[in-house]
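These are my notebook entries on one structure. I wrote down what I looked up, one topic at a time.

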Amino acid sequence: MLSQLHKRLYIFIIWAALPAWGFAQTTKPVVPPDSVIIDSLDDDEIEDAVDSVFHYELVRPLGFRFDTLLIPSKNIYNTWDTNFIDPYRENMVLTFDSISLVLCDSSGGCSFVQPCTNAATSGFGYRRWGWGYKFHYGIDFGLKTGDPVYAAFDGVVRVSQYNPGGYGYMVIIRHYNGFETLYGHFSKLLVYPGQSVRAGDVVGLGGSTGHSTGSHLHFEIRYKGKPIDPTRFIDFNTHTVLKDTVTVSTKNFDHLRPTPQQIYWQNYYKNLHTKKKVLYYTVRRNDNIYSIATKFHTTVKRLYQINGINRRTKLKKGRTIRVR
Ligand SMILES: [Zn+2]
């Protein structure tokens with residue numbers, strides 16, 4: 001018989017190993033292009049690149065070295081991480097200097113390619129989820145398992161792995177235009193981190209892995225790790241870029257601001273844990289113990305208690321009572 005502890009240990013090992021096992025099941029090692037050499041101006045960048053190579057050694061042929069000079073949009077992003085969706089951890093809701101990102105060069109050439117040519121089935125924003133609503137941070141496109149999914153712009157693959165948070169087999173590409181794109185629910189990954197891709201290259205095959213109820217592509221455009229509404233500058237019906245230059249400002253992240261309900265509950269729990277300061281109130285004309293209790297979100301019983309008074313006490317105008 002297995003002891004309870006052993007059982008737990010085995011379950012943990014299986015749980016911890018599952019993503020790697022799943023990866024091995026659905027992806028065959030992809031042979032990288034010509035080896036590139038780490039050659040950078042900045043020690044931190046070398047360290048990050050070495051990390052990314054280290055993490056990927058298990059699933060990628062040996063002998064591949066990553067050239068940090070190839071990292072796109074280094075002027076915007078401070079790190080290159082092959083595991084996390086948002087390693088930047090910046091608060092985009094706070095004011096920051098708006099930035100203009102160029103989608104199309106001066107000759108008018110736009111390298112955008114629609115990642116999936118089928119019609120969009122769900123958009124960016126709140127949508128029904130079970131009994132309530134949940135924010136949907138991307139665009140869904142219907143597809144059949146095995147259909148190719150294309151890179152939206154030129155760039156370098158940053159993440160290509162199973163995401164246990166719901167995206168399933170997922171690819172994230174860092175682009176030269178400053179955005180990152182995320183593709184989820186693949187049945188098969190066809191690229192590896194550090195791989196350079198052109199717009200239109202197949203990055204994986206569509207599927208229904210992760211939190212998904214049917215085969216579809218979940219597609220997001222992100223800036224500094226946070227999703228933004230791509231329909232503001234891309235028309236997914238005509239497969240075209242609507243603006244040559246996109247200005248990204250804190251307005252693009254309004255959907256990340258807490259809702260009034262969230263703020264209410266945040267404050268509620270904060271107040272539960274912080275000792276309330278003593279507060280006094282001067283009784284006005286027409287006040288009574290009930291109206292004061294309501295005004296200060298307390299109870300009549302509590303007011304009696306902290307003031308040493310009772311229901312027979314008359315509250316005359318001008319009297320100071322403690323309300324907290
Ligand atoms: Zn989706």
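**Entry 1: Y137.** I began with Y137 and asked whether Y137 is buried, partly exposed or exposed. I counted 18 C-beta neighbours inside 10 Å. A residue is buried at 20 or more and exposed at 12 or fewer, so Y137 counts as partly exposed. The model is a predicted one, and I keep that in mind for every entry. Y137 sits in the loop between β4 (132–136) and β5. Leaving out residues up to four places away in sequence, I found Y137 touching F124, E220 and P227. I also looked up the distance from Y137 to P230. The two are 93 residues apart along the chain, and their C-alpha atoms are separated by 9.7 Å.

**Entry 2: the whole chain.** Next I looked at the chain as a whole. I noted five helices and 19 strands. Of the 324 residues, 27% count as buried. I then took the contacts with a separation of 6 or more and asked what share comes from residues 24 or more positions apart. That share is 68%.

**Entry 3: β7.** I went to β7 (155–163) and checked how many of its residues are buried. I found nine of nine, and I noted the strand as mostly covered. β7 has two pairings in my notes. With β11 (residues 196–197) it pairs in the antiparallel sense over two bridges, and there V156 has S196 as its bridge partner. With β8 the pairing is also in the antiparallel sense, over eight bridges. Here Y162 stands opposite Y169 in β8. β7 and β8 form a hairpin with four residues between them. In that turn I found G166 with a positive phi of about 135 degrees.

**Entry 4: β8, β9 and β13.** I followed β8 (168–175) on to β9 (180–186). Five bridges join the two, and they run antiparallel. Y169, which I had already met opposite Y162, stands opposite F186 in β9. β8 and β9 also form a hairpin with four residues between them. G178 in this turn has a positive phi of about 105 degrees. β9 is joined to β13 (216–223) as well: five bridges, running antiparallel. The bridge partner of Y183 in β13 is F219. Why did I write β9 down as largely enclosed by the rest of the structure? Seven of its seven residues are buried, so the label follows.

**Entry 5: the cores.** I then looked for nonpolar cores. In soluble globular proteins, nonpolar side chains tend to be buried together. The largest core here has 33 residues, and M170, V171, Y183, V191 and V203 touch the most other members. The elements that give two or more residues to this core are β5 (139–142), β7, β8, β9 and β13. β8 gives the most, with five residues. I looked up M170 on its own: not counting residues up to four places away in sequence, M170 touches V159, Q161, N163, L182, Y183, G184 and F186. A second, separate core has eleven residues, including M92, I228, V246 and V248.

**Entry 6: a three-stranded sheet.** I traced an open sheet of three strands, in the order β6-β12-β10, with antiparallel pairing. Which strands are at the edges? They are β6 (148–150) and β10 (188–189), each of which pairs on one side only. β6 and β12 (residues 202–205) share three bridges. Within this pairing, I found V202 of β12 as the bridge partner of Y150.

**Entry 7: two positive phi values.** Most residues other than glycine have a negative phi. I looked up two that do not. K224 has a phi near 50 degrees and lies in the loop between β13 and β14 (226–228). H297 is not a glycine either and has a positive phi of about 50 degrees. H297 is in the loop between α4 (289–295) and α5 (300–307). Are these residues buried or exposed? K224 has 22 C-beta neighbours inside 10 Å, so I entered K224 as buried. H297 has 9 other C-beta atoms within 10 Å, so I entered H297 as exposed.

Definitions and conventions: Residues numbered from 1 in each chain as written. Predicted model: local features only at pLDDT ≥ 70, side-chain atom pairs only at ≥ 80, totals over all residues. Core = buried A, V, L, I, M, F, W, Y, C linked by C-beta atoms within 7 Å. Contact = placed C-beta atoms within 7 Å. Pairing = 2+ DSSP bridges.
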